[in-house]
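Here's a quick tour for anyone opening this structure for the first time. Have a look at the sequence and the 3D view, then read on.

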Protein chains: 2
Amino acid sequence: MWPKTELVDLLGIKHPIIQAPMASASTPELVAAVSNAGGLGSYGGAVTPPAKLRQIIKQIRELTDRPFSVNLFAPAEETCEFSSEQKTLISKQLIKWHNEIDAGPVPEPIPIIGPFVDQFAVLLEEKIPVFSFHFGPAPLEAIHDIHAIGSSVLATATTVREAEILVEAGVDIIIAQGSEAGGHRGTFAVPYEHGKIGIASLVPQVVDAVTVPVVAAGGIMDGRGIVSAFALGASGVMMGTAFLACPENNIPEVYRQAILKSKGEDTVITDVFSGRPARAIRNRFTREMENHRDKMLPFPAQLSIGRVLRQISAQQSNPDFVSMWAGQGVELAKEHPAGELIEKIIQEFKAVTASLQVK
Amino acid sequence: MWPKTELVDLLGIKHPIIQAPMASASTPELVAAVSNAGGLGSYGGAVTPPAKLRQIIKQIRELTDRPFSVNLFAPAEETCEFSSEQKTLISKQLIKWHNEIDAGPVPEPIPIIGPFVDQFAVLLEEKIPVFSFHFGPAPLEAIHDIHAIGSSVLATATTVREAEILVEAGVDIIIAQGSEAGGHRGTFAVPYEHGKIGIASLVPQVVDAVTVPVVAAGGIMDGRGIVSAFALGASGVMMGTAFLACPENNIPEVYRQAILKSKGEDTVITDVFSGRPARAIRNRFTREMENHRDKMLPFPAQLSIGRVLRQISAQQSNPDFVSMWAGQGVELAKEHPAGELIEKIIQEFKAVTASLQVK
């Protein structure tokens, strides 16, 4: 029933709907629900330790025998450096907020996530069907190894140039991430300000430049968005925020409520949570931390040093310090189980394409 | 042949394609070519003195008997204030660049454009068929007067809230301006940072909120973009950058060449040219003036004090100081006469809608 089948054929799925990985929001239950409904469920494994990742994959496989993907961050620089003076500065700022909400001591910043090499080894041993990368194409050898086990590689581009770099590295499917998208900007080869292009502009430009399937990501919430993406030349869509209000995921209730009541203008691209730009719902932390930019640690240390503050804030149902990633389509978010959401989108797709018939 | 006809019916046009007004780029020839091809040609009259505006309207009417529109800036605050110290500061900065390219003295800044009331009086006397406003809905009395002569009102919204304000003021058609759009951001009721929403997110949210026709604007360059906009629920499109390489317009050759060779990531939203945020191709002025923000005058004085520098730079085929407004779709710009461009878009529309047929 889909206008293009190159994506579904390549991935062995029924519907060209990829659930965005969403590290720390996705769960085996969400991944399996999406895959069982005919889409591609994705686990955001970027911040998951290798042993835990193996366990997650086992859980997913207990819940579905359909293809799924796991996403890792693949930046060229995995670790970061900072001085003890910098650590003192940010800790002094964070402890004020910690004290305010009784969050205990500020944790030690960790200068590395993953590590990628160990996470990747698990995914390869587990022969997961679809590998997905953010912040770059992953090392050439890794891509070679993925292809050697017959699996596919997705990676994110935010400009035409980035899409070309990914294809040259052997990536099978380009996720064209528009400026609307929630979560971390995938930008890796240009200054990040240059990589904030709306999908209406980005998708046709990328489609014209590469021959592999292009998936539109950013702000797509319903059947209108999918038809729109196909019209622009995409072979499928990636949707994140639309799945955030699903009961199968793992977000704090205060975040879920924010998703259900926020408007398109309530999100902002900010690097204050992690040290890398990402789109989130504005809150006290995005506003106040902005005034203390000079104290920020580089990615990923900034992410780890704020972890406890975010968690305790969420536990108290206080949105002030929670990282509530969301895209600009958030105003259209509705509470549906993932399988029902996919079924609804398919029905909408049919209705919208029918409405476009030239009379 | 169009999936929705509410826009074409209301405006009395054949095709739901509105050429964006583009003050200082549009010409009577461009407006007439678009209207004669069945679209809605628009003259960007914001910086045109009232007497000249009357002459322009006469010229348009000599070239076409089809509907057309004229756009004015309708900000709540028409004038701005600044001290003589501020004027000295910016003049001292600008004179360095003036001297470098032999541009003569820096002109006096003018604290007002229009004035709106006189420009509007001309449009009303001339009974132009379609009035179009940026930076707000225009005064209620003006909208009443427009309806009294049987003409229609378009105005720009960048958020759902702004769309609701416009409809409440009596605006007939909402231009939903996505963050992709070239030129001035129309944002008028929220902090401008909140009004940078991609059309894939903005259009369906606005369509769900208002009952008047919604026109998608921003990054739309070809038939793919139009189908995409209809899929999102729009009743038509506004295209600016796509018409910038048309021979009928009035842009310097150096600007035209920049349009033809720039990429999606080459534009930036900046207020350094006018004092209000607008999307333009990055150049030396957008980069260097950014370091002298503290010297900037408010809108519209900043626009007038930089006028000579922009003009002389353009005359010398030097892109360094020219305001080269463009949207993020610029990479897809091609040189076509306006009528041919519209015909090409219609053929593409038919091909793309046919390709979306559910099999």
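Before we talk about strand partners, one bit of vocabulary: two strands count as paired if DSSP finds at least two bridges between them. Keep in mind that this is a predicted model. With that settled, 46 residues of chain A are in contact with 46 residues of chain B, and chain A holds an open sheet of eight strands.

**How the two chains meet**

- On chain A, the side that touches chain B gets at least two residues from each of α8 (199-209), α9 (223-231) and α14 (338-355).
- That side of chain A is made up of 18 nonpolar, 20 polar and eight charged residues.
- A turn of 180 degrees, with a shift of 0.0 Å along the axis, lays chain A on chain B with an RMSD of 0.0 Å.
- The two copies are thus related as by a two-fold rotation axis.
- Which C-alpha of chain A is nearest the axis? That of A:S228, at 2.0 Å from it.
- The copies meet through the same surface, because 98% of the interface residues of chain A are also interface residues in chain B.

**The eight-stranded sheet of chain A**

- Reading across the open sheet, the strands come in the order β1-β9-β8-β6-β5-β4-β3-β2, and the pairing is parallel.
- β1 (17-19) and β2 (41-44) of chain A sit at the edges with a single partner strand each, so one side of each has no neighbour in the sheet.
- On average, neighbouring strands here are turned by 25 degrees against each other, direction ignored.
- Helix α2 (residues 28-36) of chain A packs on this sheet and touches β1, β2 and β3 (68-73) of chain A. The direction of α2 makes about 160 degrees with that of β2(A).

**Inside that sheet: β3 to β6 of chain A**

- β3(A) and β4(A) run parallel and pair over five bridges, with A:V70 standing opposite A:F131 in β4(A).
- β4(A) is also joined to β5(A), in parallel, by four bridges. Here A:S132 has A:L154 in β5(A) as its bridge partner.
- β5 (residues 152-157) and β6 (residues 173-177) of chain A run parallel too, joined by four bridges. A:L154 turns up again, standing opposite A:I173 in β6(A).
- Is β4(A) mostly covered or mostly uncovered? Mostly covered: five of its five residues are buried.
- That cover applies to both faces of β4(A), with A:V130, A:S132 and A:H134 buried on one side and A:F131 and A:F133 buried on the other.

**Helix α5 of chain A, a helix with two sides**

- The buried residues of α5 (residues 116-125) of chain A are A:F116, A:Q119, A:F120, A:V122 and A:L123.
- Looking down the axis of α5(A), these buried residues fall within an arc of 155 degrees, so they line one face of the helix.
- On the other side of α5(A), you'll find A:V117, A:D118 and A:E125 exposed.
- What do the buried residues of α5(A) pack against? Their partners are α3 (50-63), β3, β4 (130-134) and α6 (140-148) of chain A.
- Just past α5(A), A:K127 has a positive phi of about 45 degrees.

**Helix α9 of chain B, enclosed**

- Helix α9 (residues 223-232) of chain B is largely enclosed by the rest of the structure, because ten of its ten residues are buried.
- Among them are B:R224, B:S228 and B:F230.
- Right after α9(B), B:G233 takes a positive phi of about 110 degrees.

**A three-stranded sheet in chain B**

- Chain B has an open, antiparallel sheet of three strands in the order β7-β11-β10.
- β7 (183-184) and β10 (267-270) of chain B are the edge strands, each with a single partner, so one side of each is left without a neighbour in the sheet.
- β7(B) pairs with β11 (residues 278-281) of chain B over two bridges, in the antiparallel sense, and B:H184 stands opposite B:A278 in β11(B).

**One loop residue to find**

- A:E193 lies in the loop between β7 (183-184) and α8 of chain A.
- A:E193 is partly exposed, with 14 other C-beta atoms within 10 Å.
- A:E193 and A:T267 are 74 residues apart along the chain, and their C-alpha atoms are separated by 16 Å.

Conventions. Residues numbered from 1 in each chain as written. Chains lettered and ligands numbered in written order. Predicted model: local features only at pLDDT ≥ 70, side-chain atom pairs only at ≥ 80, totals over all residues. Contact = placed C-beta atoms within 7 Å. Nonpolar A, V, L, I, M, F, W, Y, C, P; charged D, E, K, R; others polar. Least-squares fit on C-alpha atoms with pLDDT ≥ 70 in both. Axes fitted to C-alpha atoms, helices over the stretch in contact; angles between N-to-C directions. Buried ≥ 20, exposed ≤ 12 C-beta atoms within 10 Å, placed from the backbone. Arc of directions from axis to C-beta.
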